[in-house]
Amino acid sequence: VREPLLDRLAALDAREWGAAPTVVAEAAGAADRTRPVMSPHDGTLVGHVLEAEPADVDAMLARGTAAQIAWDGAGGEYRARLLERAADLFEEHTDEILELCRREAGKTLPDAVLELREAVDFLRFYAQEARRHFTGNGLLLPGPTGEENRLRLHGRGLFVTISPWNFPLAIFIGPAAAALAAGNSVIAKPAEQTPLIAAFAVQLCHAAGIPDDVLQLAPGDGRVGGMLTGDPRVAGVAFTGSTATAHLINRALAMRPGPIGQFIAETGGQNALIVDSSALPEQVTRDVMSSAFQSAGQRCSALRVLYLQEDIADSMLAMIRGAFDALQIGDPALLATDVGPVIDRQAQGQLNDHLAEMRVAGRNVWQAVVPPTCAHGSYVAPAIVEIDAIGDLQAENFGPVLHVARFRAGQLADVVEQINATGYGLTLGLHSRIEGNRRLVERRARVGNFYVNRNQIGAVVGSQPFGGEGLSGTGPKAGGPHYLARFATERVTTVDTTAAGGNATLLANL
Ligand code: UN1
């Protein structure tokens, strides 16, 4: 999976990102209802989206429902091959995808490459999982002689996937690929900010042979999401985004008449990194910079609160500030850029409001400077803010803002309690050479992904299944061994294999 992409990256130059394909994200049947999609870097036009309307959504629900039975019946091997063909096509279209990630989502080249790699990994991993769960003749269960019990997995029906703008390709296609692999048809609603990347991905999936009615694109705002999640034809929803929206969807699913829907949510975090006095400062600096500022901090896994042990805090902070001052902020088209724009004006406003509040509260704030060439984009200058404890923060701040707090030796268990008390439980980092400290944090922290002596972003599909608990999501972990089963339903067939039983069954059926 990896080598061809890295080869291409090595051969790439900033001026040769490839031409952006002309993409129109279009709900099937949509009339002329276009909305422009603007680049977060400079506000220029990237493309147009034709958003779905109630009649389109209704027709899509009908088509998706009708198409699911044959797709489920086609079996895991067939579906795996189509998903792998889609992965091949994604790789063949590397240049266009990287360019779209830059233009529509403001991604730097390294971020765009990682995004594509993760998308391809998801497609290949869930294809493998389809083979593991959905081929063969089911699982033979133990039972009394004269009886055969088999458990088989099937698709649940029509799944809706609702995806975020921060991974407009990987987390758009990942849950959809899982749902498809498990034998569901899918209506995929992309984030409002990034419908064009999603549309390109769906085109490639269709070109790979996944039928149009089995995977449908439903661009639109919350109204489209509401129509989908409130409809009894929908068997389940896989959502990635804010905790608040997850609550709304959960309620919509619960309030509908009809079947009880499956709900899979991956939501926010208030992720911390604890650094004790045994940590290696250079390693801490490197990992803090990538965890807090890569992707302009717009990852749900990103570091928000750094806890430094008091006796090393000043020297550690000085080193981190040295690296911070060297960050290059600007146009994601330039290879030297570390931090590009945030996704849109609304995100920019929220982050700036948060920083203003911190200043009013008398906090120490260090902030970088956005170059004047970026005045037309939604840029937020990266910042470091000193706070007393994680509980000082009310909400997740989804951007390039790192908060720093201090703790004294002997307070480690208390720090973990403060982190647990936020209710979020996504990623947690620890930098320490003390085995006992690692065991203490590992035992007490209620988080989904615990990273020791490394950065806390970039979970790798298959080896680091990703997802949180509490306010951070329902599980199961994306890219993990239990993910696909949640998109499936279990059916058990019991057959009386004795002659008498066989005859009795036949008579009963007469
Ligand atoms: C997210 O930001 O929504 O571990 C998820 C990571 C990514 C997943 C981030 N694989 O950073």
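Which residue follows α12, and is its phi positive or negative? In this predicted model, α12 is followed by G362, and the phi of G362 is positive, near 80°. With that residue as a starting point, the helix itself can be examined.

Helix α12 spans residues 345–360, which makes 16 residues in total. From its first C-alpha to its last it reaches 22 Å, close to the 22 Å expected at 1.5 Å a residue. Its buried residues are A347, L351, H354, L355 and M358. These residues lie on the same side of α12, because they cover an arc of only 95° around the axis. A general rule helps here: an α-helix has 3.6 residues a turn, so residues three or four places apart point the same way. On the face turned away from the buried side, α12 carries the exposed residues Q346, D353, A356, E357 and V360. The buried residues, in turn, pack against three strands, namely β13 (365–367), β14 (383–386) and β15 (401–407).

One residue of β15 gives a closer view of this packing. V401 has its place in that strand and counts as buried because 24 C-beta neighbours lie inside 10 Å, where 20 or more are needed. Neighbours within four places in sequence aside, V401 is in contact with G297, L351, H354, L355, A383 and V385. Among these contacts, L351, H354 and L355 also appear in the list of buried residues of α12. V401 can also be compared with N352: the two are 49 residues apart in sequence, while their C-alpha atoms are 9.9 Å apart in space.

The interior of the model can be described next. The largest nonpolar core has 144 residues, and those with the most contacts inside it are L83, L123, Y126, L169 and A181. Helix α5 (residues 109–134) gives the most to this core, with 14 residues. For Y126, the contacts beyond four places in sequence are L83, A177, A178, A181 and L484.

Some backbone angles deserve a friendly second look. In the loop between α10 (281–293) and β12 (305–309) lies S295, a residue other than glycine whose phi is nevertheless positive, near 60°. A296 lies in the loop between α10 and β12 as well, and has a positive phi of about 50° although it is not a glycine. S295 is buried, with 26 other C-beta atoms within 10 Å, and A296 is buried too, with 31.

Another loop, between β19 (469–470) and β20 (488–496), holds K477. P476 is found in the loop between β19 and β20 too, and the peptide bond that leads to P476 from G475 is cis, with omega near 0°. K477 is partly exposed, since 18 other C-beta atoms lie within 10 Å, and 20 or more would make a residue buried. Not counting residues up to four places away in sequence, K477 touches G448, P465, F466, G467 and Y483. K477 and Q464 are 13 residues apart in sequence and 8.9 Å apart in space, C-alpha to C-alpha.

F466, touched by K477, is also one of the residues around the ligand. The others are P164, N166, F167, I171, T240, R299, C300, S301, I457, G458 and A459. By character, this shell divides into seven nonpolar residues, four polar and one charged.

How values were computed. Residues are numbered from 1 along each chain as its sequence is written. This is a predicted model: local features need pLDDT of at least 70, side-chain atom pairs count only at pLDDT 80 or more; totals for chains, interfaces and linings use all residues. A residue is near a molecule or strand if its C-beta atom, placed from the backbone, lies within 6 Å of it. Ala, Val, Leu, Ile, Met, Phe, Trp, Tyr, Cys and Pro count as nonpolar, Asp, Glu, Lys and Arg as charged, and the others, Gly among them, as polar. A nonpolar core is a set of buried Ala, Val, Leu, Ile, Met, Phe, Trp, Tyr and Cys residues joined through C-beta atoms within 7 Å. A residue is buried if 20 or more other C-beta atoms lie within 10 Å of its own, exposed if 12 or fewer, and partly exposed in between; C-beta atoms are placed from the backbone. Helices (H or I, at least four residues) and strands (E, at least two) are DSSP runs, numbered from the N terminus. Two residues are in contact if their C-beta atoms, placed from the backbone, lie within 7 Å. The expected span of a helix is 1.5 Å times one less than its number of residues. The arc is that of the directions from the helix axis to the C-beta atoms.
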